[in-house]
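This report walks through one protein chain and its ligand, beginning with the ligand's surroundings and ending with a few individual residues. Please keep the structure open while reading.

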Amino acid sequence: MSHDPTDGTHAHDHGGRCDHAHDGHAHDHAHDHGGRGGAHDDHAHDHGGRGDHAHDGHTHDHGGRGDHAHDGHAHGGHAHAPTHDRHAHEHTHERWIGPGLFRSRTPRRARSFGARAFTVGIGGPVGSGKTALVLALCKKLRDRIRLGVVTNDIFTREDAEFLHRHDALPAPQIRGVETGGCPHAAIREDITPNLDALEDLMRACAPELLVVESGGDNLAAQYSRELVDYTIYVVDVAGGEKVPRKGGPGVTQSDLLVVNKTDLAPHVGASLDVMARDAERMRQGGPVVFTRCNVGDGVDAVIEHVLAARAEALAAATPA
Ligand SMILES: Nc1nc2c(ncn2[C@@H]2O[C@H](COP(=O)(O)OP(=O)(O)OP(=O)(O)O)[C@@H](O)[C@H]2O)c(=O)[nH]1
Ligand SMILES: [Mg+2]
């Protein structure tokens, strides 16, 4: 993105990946920021979407976080510094008033699942056990339903390679995306590489259930509902008993919270009862599953939640 502070206009490049058309308009449009590059209260947009969002004189979706002021110029979750290189994603972060509530989280979008199967997003902090959960899901589900998996890493395809090495699925059913920048941008604001990978998988193997693993990130990361139909947020006990009560939208608004590495509780002085109580309170009773993903414990309960959500979504699917 370039920005001219003298006249307050800037054009968006979105890291070079958004040169695609958005329902008839190209996304490298210029905005007039009224000479100060600041208040965006006259327009907004959802950079998570590449399809059906309308720039009709500037409606936009900031991910259900409600009205907020844009300092600098924030786009769907983070405020950009005035100069941007392709991947030097220098930005300051927007302040949210709160982590949001489970019961008022953005609902799943009604859609047809022909072009892209029901999609589950797995997020969570670095090393919490996301890939271990993906592997366990693959092992337990692959004989029941055709799966496709997309992993995200910043500069490698390490997680995809790990899944290949452990024979999670036949090789063509696993793709790795190098996000090149903030992992949360790839699941929220600039989801095109992930959507492309998922749609490629559909063309190649027609999975009936898709899983996309985010790169490890912080407690504020959250998936766009345009990318995934169901969100799982994985935290781990080793991060400390406090993690569920610290909140963050992943903890409060994910469809399912997974608390992994229960075996490590005695080693870090964590009480699973306290974590369960805090999670229950923070999530207004939303579902929480305790797991040991590396050995598969608790993963059957995760599968039940996922398959129930998929069945519900398919029953409500719109025609293709
Ligand atoms: N003790 C224990 N270790 C686990 C468990 N689940 C995963 N691990 C280990 O934790 C480490 C990190 O697991 P990953 O699955 O790679 O974590 P991740 O969230 O995918 O990590 P990133 O993708 O790098 O953010 C690995 O060494 C796993 O073997 C568990 O339930 N208990
Ligand atoms: Mg991983």
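In this predicted model, the element that contributes most to the shell around ligand 1 is helix 1 (residues 130-141), which supplies three residues. The shell as a whole comprises 17 residues, the closest being Gly129, Lys130, Thr131, Ala132 and Gly216, and by character it consists of eight polar, five charged and four nonpolar residues.

Helix 1 deserves a fuller description. Its end C-alpha atoms lie 16 Å apart, and this agrees with expectation because twelve residues at 1.5 Å a residue should span 16 Å. The buried residues in helix 1 are Lys130, Thr131, Ala132, Leu133, Val134, Leu135, Ala136 and Leu137, and of these Lys130, Thr131 and Ala132 are also listed among the closest residues to ligand 1.

The largest nonpolar core has 59 residues, and the members that touch the most others are Leu133, Val149, Leu210, Val211, Val258 and Val302. To this core, too, helix 1 gives the most, with six residues. As for Leu210, once its neighbours within four places in sequence are set aside, its contacts are Arg116, Ala117, Phe118, Thr119, Val120, Gly148, Leu198 and Leu201.

Taken over the whole protein chain, the model has nine helices and 15 strands, and 43% of its 320 residues count as buried. Among contacts between residues at least 6 apart in sequence, 71% join residues at least 24 apart. One pair distant in sequence is Leu227 and Arg116, which are 111 residues apart along the chain while their C-alpha atoms are separated by 9.9 Å.

Three loop residues can be set side by side.

| Residue | Loop between | C-beta neighbours within 10 Å |
|---|---|---|
| Leu227 | strand 12 (209-213) and strand 13 (230-236) | 24 |
| Asp167 | helix 2 (158-165) and strand 11 (174-178) | 12 |
| Gln284 | helix 8 (272-282) and strand 15 (288-290) | 12 |

Leu227 is buried because its 24 neighbours meet the threshold of 20 or more. Asp167, by contrast, is exposed because its count is 12, and the limit for that class is 12 or fewer; Gln284, with its 12 C-beta neighbours, likewise counts as exposed.

What is the phi of Asp167? It is near 50 degrees, a positive value in a residue other than glycine, and the phi of Gln284 is likewise near 50 degrees. As background, most residues other than glycine have a negative phi.

Terms used: Residues numbered from 1 in each chain as written. Chains lettered and ligands numbered in written order. Predicted model: local features only at pLDDT ≥ 70, side-chain atom pairs only at ≥ 80, totals over all residues. Near = placed C-beta within 6 Å. Helix = DSSP H or I, 4+ residues; strand = E, 2+ residues; numbered from the N terminus. Nonpolar A, V, L, I, M, F, W, Y, C, P; charged D, E, K, R; others polar. Expected span 1.5 Å × (residues − 1). Contact = placed C-beta atoms within 7 Å. Core = buried A, V, L, I, M, F, W, Y, C linked by C-beta atoms within 7 Å.
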